[in-house]
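Okay, thanks everyone, let's get going. I've got one structure to walk through today, so have a look at it while I talk.

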Amino acid sequence: MSFLAESLSRIKPSATIAVSDKARELKAAGRDVISLGAGEPDFDTPDNIKEAAIRAIQAGATKYTNVDGTPDLKAAIVDKFERENGLGYAPEQVIVGTGGKQVLYNALMATINPGDEVIIPAPYWVSYPDMVLLAGGTPVVVSATAENGFRLSAADLEAAITPRTKWLIFNSPSNPSGAAYSREQLKALCDVLLRHPQVWVMTDDMYEHIVYDDFAFTTPAQVEPGLYERTLTVNGVSKAYCMTGWRIGYAGGPVQLIKAMAKLQSQSTSNPSSVSQAAAVEALNGPQDFIARHNAVFKERRDLVVSMLNQASGIDCLTPEGAFYVYPSCAGCIGKSTPDGVRIDSDLDFVTALLESEGVAVVHGEAFGLTPHFRISYATATEALEEAGQRIQRFCAGLS
Ligand SMILES: Cc1ncc(COP(=O)(O)O)c(C=O)c1O
């Protein structure tokens, strides 16, 4: 019998982290590598947020806090939900965790029993299915293809629901596709869910603020108040506030669920970092103007990357509404070979050959559950994106 837990055999390490590691390794060995694998903004945390953390340290906010978050941060989150989403959550309906990742993980661990099904539209964020598997549940993956703008259709959602369905995990704007749902598109999904009272919604709103072209973000409990009692609204400061390393995420939801998540957290990590919580208060309550400035840069980069990809032979790329990813199809390259005779039979072959021959690191679509695609993160310097676009075009032109 193996010493390791059986549950671990059900999951694999994060593919996106693996790509970043591989790119770092090649760089350390002296290769000229452009890494478009990482899912984090290249902007630094704004100074007012850093200063709030320094003040917190100097004021002695260096002790354990309440397991589910400081009263100050919970108050800031309550205000944020009200101000930005029109959602009324009391402090006891809010939990703070060590990143949105822990909040999502705890929610699944606190609710999933063996045999419970969780609907996950693909392409999905890499961690959802593995978290469900770790919790002992069954991921039910439903394709949301490029033809439908990478959005789950109401009919496909309806068809995937069974009496064992416990959650729909919803993510808009999406990692990895950048696709976001308009209010009408989201309402159509909510209408399906209204007919199935056993299904709860875990909405991952991590990219709420990173949207372009006047796109209006909405979240399920706001669009359909009838779902409020069975929605967990998850968010965090990692992306919009450039705070990936600070590890603060949070959620609002029904008291009973929030309490269960806090119980789990009390026996695992306890409170998130006290200093990071102080910084997150400033992020949520302080000036928000840098978000629009960052988005203007991201939008320029998105347009550049989409245009360069669509000029590459065999690549087809939609223009996403948000986040900082594109999810092009490489279907036109499948079946071809590189000048060295390496055959491209899958998106994994495509990204491996691209990294080997041109030093561009991207993540293969299989990791996100929809093939043949790959994900590019354009949260990197514009010059690097231009160079990467040229290398991808050259690589594709060389396939035959
Ligand atoms: C869709 C999505 N959800 C959740 C997370 C987790 O973010 P964090 O744990 O940094 O708050 C990420 C990070 O990449 C993400 O892309």
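Before anything else, a quick bit of vocabulary: by a disulfide I mean a pair of cysteine sulfur atoms within 2.5 Å. With that cut-off, the structure holds 0 disulfides. And keep in mind that what you're looking at is a predicted model.

While we're on cysteines, take two of them. Cys190 has a relative accessibility of 1%, so it counts as buried. Cys242 is buried as well, with a relative accessible area of 7%.

Right, on to the ligand. Where does it sit? In the largest pocket. There are 13 residues around it, and the ones that come nearest are Gly100, Asp204, Ser238, Lys239 and Arg247.

Now the polar side of things. Asp204 puts a polar side-chain atom 2.5 Å from a nitrogen atom of the ligand. For Ser238, a polar side-chain atom is 2.7 Å from an oxygen atom of the ligand, and for Asn175 the distance from a polar side-chain atom to a ligand oxygen is 2.8 Å. How much of the ligand does the protein cover? Of the 400 Å² of accessible area the ligand has on its own, 92% is covered by the protein.

So which helix gives the most to the shell around the ligand? That's helix 4, residues 99–109, with 3 residues. Helix 4 is also largely enclosed by the rest of the structure, because 8 of its 11 residues are buried. If you want to click on them, the buried ones are Gly99, Gly100, Gln102, Val103, Leu104, Asn106, Ala107 and Leu108. You'll recognise Gly100 from the list of residues that come nearest to the ligand.

Let's go to a couple of loops. Ser177 is in the loop between strand 5 (165–171) and helix 7 (183–194). Is Ser177 buried or exposed? At 4% relative accessibility, under the 20% cut-off, Ser177 counts as buried. Its side chain makes a polar contact of 3.1 Å with the side chain of Ser174, and the Ser177 side chain also reaches the backbone nitrogen of Ala179 at 3.1 Å.

The other loop runs between strand 1 (34–35) and helix 2 (47–58), and Asp44 lies in it. Asp44 has 53% relative accessibility, so this one counts as exposed. What I'd point out here is the pairing with Thr244: the two are 200 residues apart in sequence, and their C-alpha atoms are 9.9 Å apart in space.

That's my tour, thanks for listening.

Notes: Residues are numbered from 1 along each chain as its sequence is written. This is a predicted model: local features need pLDDT of at least 70, side-chain atom pairs count only at pLDDT 80 or more; totals for chains, interfaces and linings use all residues. Side-chain values use heavy atoms; hydrogens and water are left out. Buried means under 20% relative accessible area, exposed over 50%, partly exposed in between (1.4 Å probe, protein chains only). A residue is near a molecule or strand if one of its heavy atoms lies within 4 Å of it. A polar contact is a pair of N or O atoms within 3.5 Å; within protein, one must be able to donate a hydrogen and the other to accept it, and residues adjacent in sequence count only if both atoms are side-chain atoms. Accessible areas come from the Shrake-Rupley method with a 1.4 Å probe; for residues, only the protein chains shown count as cover. On a 1 Å grid over the protein atoms alone, a cavity is a set of points where a 1.4 Å probe fits but cannot get out, and a pocket is an open set with protein on both sides within 12 Å along at least five of seven lines; lining residues have an atom within 4 Å of a point. A molecule sits in a cavity or pocket if more than half of its atoms lie within 2 Å of its grid points. Helices (H or I, at least four residues) and strands (E, at least two) are DSSP runs, numbered from the N terminus.
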